[in-house]
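Q: Please take a close look at the largest pocket: how much space lies in it, and which residues are the closest to its centre?

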Amino acid sequence: MIANLVQLAAEEEQNPLIPPGPELLVGTIAFAIVFFFFWKKLLPNINKVLEERREAIEGGIEKAEAAQTEAQSVLEQYKAQLAEARHEAARLRQEAQEQGAQLIAEMRAEGQRQREEIVAAGHSQIEADRKAAAQALRQDVGQLATELAGKLVGESLEEHARQSRTIDRFLDELDAKAEATR
């Protein structure tokens, strides 16, 4: 059997990789027809779909970039508004603290003024009471002094002018003695 194969191979001297001429011609024509059909019908549709897809992808990327830019802009605005709100809150806190301190100072000053008025009114009332008491005491002492002097002298000192002079002289002497002891 090997001998038969060798004999067959010797008879066929043609290269198995190169087809016979008529087959090559029919194959080339069929390839050209299929290639022409693909080139005219299928290739434009494929290119059209690829172009649409490329545009959709590029459009999506551009939209995403635009959305990202807009989001970044909104974020920056938000941060600026937040910083402004924080600054405003700090300013309002500072103003409230200043107003509170001013109100406290005003209330202290008002309290101090009222205290001084009360103390001054108390001092003037004490002074008025002291003067009234001194006047009443002066009259009582004068009355007693007049009666005592009248008993000592033996005559009546009921006369008002004499009584006043005697009382004033006596009280002046008492005041002089009181000042001397101070």
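**The largest pocket and helix α2**

A: In this predicted model, the largest pocket holds about 320 Å³ of space, where a pocket is an open set of 1 Å grid points that fit a 1.4 Å probe, with protein on both sides within 12 Å along at least five of seven lines, and its volume is that of probe spheres set on the points. Its lining (residues with an atom within 4 Å of a point) comprises 12 residues, and A134, L137, R138, L171 and D175 are the closest to the centre. Two or more lining residues come from each of the helices α2 (21-153) and α3 (160-181), helices being DSSP H or I runs of at least four residues. The greatest contribution is that of α2, with six residues. By character, the lining divides into six nonpolar, one polar and five charged residues, with Asp, Glu, Lys and Arg counted as charged and Gly among the polar ones.

Turning to the annotated stretch, the unreviewed UniProt entry marks residues 24-43 as "transmembrane region", although such annotations may be inferred rather than shown by experiment. Over residues 24-43 the chain is 100% helix and 0% strand, and the end C-alpha atoms lie 26 Å apart.

Residues are numbered from 1 along each chain as its sequence is written. Local features need pLDDT of at least 70 and side-chain atom pairs 80 or more, whereas totals for chains, interfaces and linings use all residues, and side-chain values use heavy atoms, leaving out hydrogens and water.
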